[in-house]
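Me: Could you take a close look at one part of this model for me, the surroundings of the ligand? I would like to see how that part sits within the rest of the chain.

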Amino acid sequence: MSDTGAREAPVRRRELTVADQVAGVRAGDRAILARAITLVESSAPHDRDRAAELLTALMPHTGQAMRVGLTGVPGVGKSTFIETLGGRLTSAGHRVAVLAVDPSSGVSGGSILGDKTRMGRLAVDPAAFIRPSPASGTLGGVAAKTRESILLCEAAGFDVVIVETVGVGQSETVVAEMTDSFVALMLPGAGDELQGIKRGLMELADVIAVNKADGDGRRPAERAARELRSALRLLHPAGTGWSPPVLICSALAGDGVDEVWAAVTAHRQQLVATGAFEQRRRAQALRWMWTLIDDGLRTALRADPHVRELLAPVGEGVTSGQLPPTVAARNLLDQFLGHREPGSQPGGAS
Ligand code: GDP
């Protein structure tokens with residue numbers, strides 16, 4: 001099912017109370033789930049209050065899903081992989097939600113992940129729910145909304161939540177930070193394995209799969225996997241807990257996809273067995289809270305009328321190179337906090 005229609009429905013239809021939404025989400029109603037996600041994505045103060053109420057009511061029903069991050073450069077085969085894996089999981093009785101963190105949405109209003117017709121079969125699978133990336137906001141804002149969407153999907157009974165992103169900038173870090181296991185899809189050849197190492201992806205990935213290991217691609221995929229394995233041995237010396245397996249697969253043909261999922265499951269089991277699972281979830285929740293506090297303070301600071309007056313001249317001072325950013329930041333913070341230090345001239349670009 002596509003939730004596009006539900007997404008465009010007016011968010012504030014009065015007939016759906018928070019209690020209705022709680023019941024609808026709990027019943028696994030995908031249209032209501034889609035509207036609940038629209039609500040948590042909204043930044044209108046009224047919606048924020050309702051979203052908080054909704055999330056608080058649903059909190060006891062969250063946490064049980066396997067939260068799996070998936071990354072890879074555009075074209076590596078992420079949607080093909082999710083389509084294949086998702087279909088197998090729903091056939092096996094799982095309910096699969098697919099969310100996305102699109103690092104391009106906040107920047108350009110465009111989309112790396114969401115605009116083509118992707119995952120057509122999974123989209124009509126009644127046991128699946130696919131939601132594109134929140135369309136706007138900073139990466140931090142998009143991440144916060146996606147985290148809340150994970151909770152909503154869990155409350156709606158989805159026991160596998162896949163969060164897809166693209167190997168660009170910080171988006172992999174934020175997705176790793178909201179999931180239990182992080183899968184990196186790689187392309188054979190083209191030095192992708194080295195790029196992965198450079199980007200720090202190898203430290204984030206719990207499972208690595210070289211995709212397109214079919215036809216002429218099989219041997220290069222095997223070679224890439226070997227190279228990745230030896231690179232990983234340097235990063236994760238034996239005996240330090242989980243060593244990310246490097247597998248090969250063909251998302252298109254379906255080969256090796258079960259093995260990738262088995263590795264994800266094994267990773268989770270290892271986390272649970274060592275107690276790291278609980279620890280990771282708790283630490284993530286706490287860091288999320290702090291991120292929200294940081295964001296909230298930033299938003300409040302920007303909205304402060306006294307600060308607002310200063311933003312343009314101080315910004316100008318910084319961009320023209322006349323005001324050190326440290327001094328500019330301190331001026332604005334002092335203005336916001338109401339105790340400006342003597343001698344720190346607001347807007348003191350000259
Ligand atoms: P995404 O941008 O990472 O989501 O990549 P897509 O899933 O859209 O795949 C990009 C292209 O690669 C499409 O033409 C797919 O058919 C193709 N593709 C995906 N997986 C495989 C695979 O395992 N083998 C081969 N040969 N092609 C694949």
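Reply: Happy to; here is the ligand site, followed by the chain around it. Please keep in mind that this is a predicted model.

Around the ligand there are 16 residues, and those that come nearest are Gly 75, Lys 78, Thr 80, Arg 118 and Asp 214. By character, the shell divides into 5 nonpolar, 6 polar and 5 charged residues. Several polar contacts can be picked out. Gly 75 has a polar backbone atom 2.8 Å from an oxygen atom of the ligand. Ala 251 also offers a polar backbone atom, here 2.9 Å from a ligand oxygen. With Asn 211 it is a polar side-chain atom that lies 3.2 Å from an oxygen atom of the ligand. On its own the ligand has 570 Å² of accessible area, and the protein covers 73% of that.

Now for the chain as a whole. The protein chain has 16 helices and 7 strands, and 47% of its 350 residues count as buried. Its largest nonpolar core has 51 residues, with Leu 152, Cys 153 and Ile 208 making the most contacts inside it. Helix H8, residues 139-155, gives the most to this core, namely 8 residues. Beyond its neighbours within four places in sequence, Ile 208 is in contact with Ala 184, Met 186, Met 202, Leu 228, Leu 232, Pro 245, Val 246 and Leu 247. Another core, of 28 residues, lies apart from the largest one and includes Ile 82, Val 183, Cys 249 and Ala 263.

Notes. Residues are numbered from 1 along each chain as its sequence is written. This is a predicted model: local features need pLDDT of at least 70, side-chain atom pairs count only at pLDDT 80 or more; totals for chains, interfaces and linings use all residues. Side-chain values use heavy atoms; hydrogens and water are left out. Helices (H or I, at least four residues) and strands (E, at least two) are DSSP runs, numbered from the N terminus. Buried means under 20% relative accessible area, exposed over 50%, partly exposed in between (1.4 Å probe, protein chains only). A nonpolar core is a set of buried Ala, Val, Leu, Ile, Met, Phe, Trp, Tyr and Cys residues joined through side-chain atoms within 4.5 Å. Contact means heavy atoms within 4.5 Å. A residue is near a molecule or strand if one of its heavy atoms lies within 4 Å of it. A polar contact is a pair of N or O atoms within 3.5 Å; within protein, one must be able to donate a hydrogen and the other to accept it, and residues adjacent in sequence count only if both atoms are side-chain atoms. Accessible areas come from the Shrake-Rupley method with a 1.4 Å probe; for residues, only the protein chains shown count as cover. Ala, Val, Leu, Ile, Met, Phe, Trp, Tyr, Cys and Pro count as nonpolar, Asp, Glu, Lys and Arg as charged, and the others, Gly among them, as polar.
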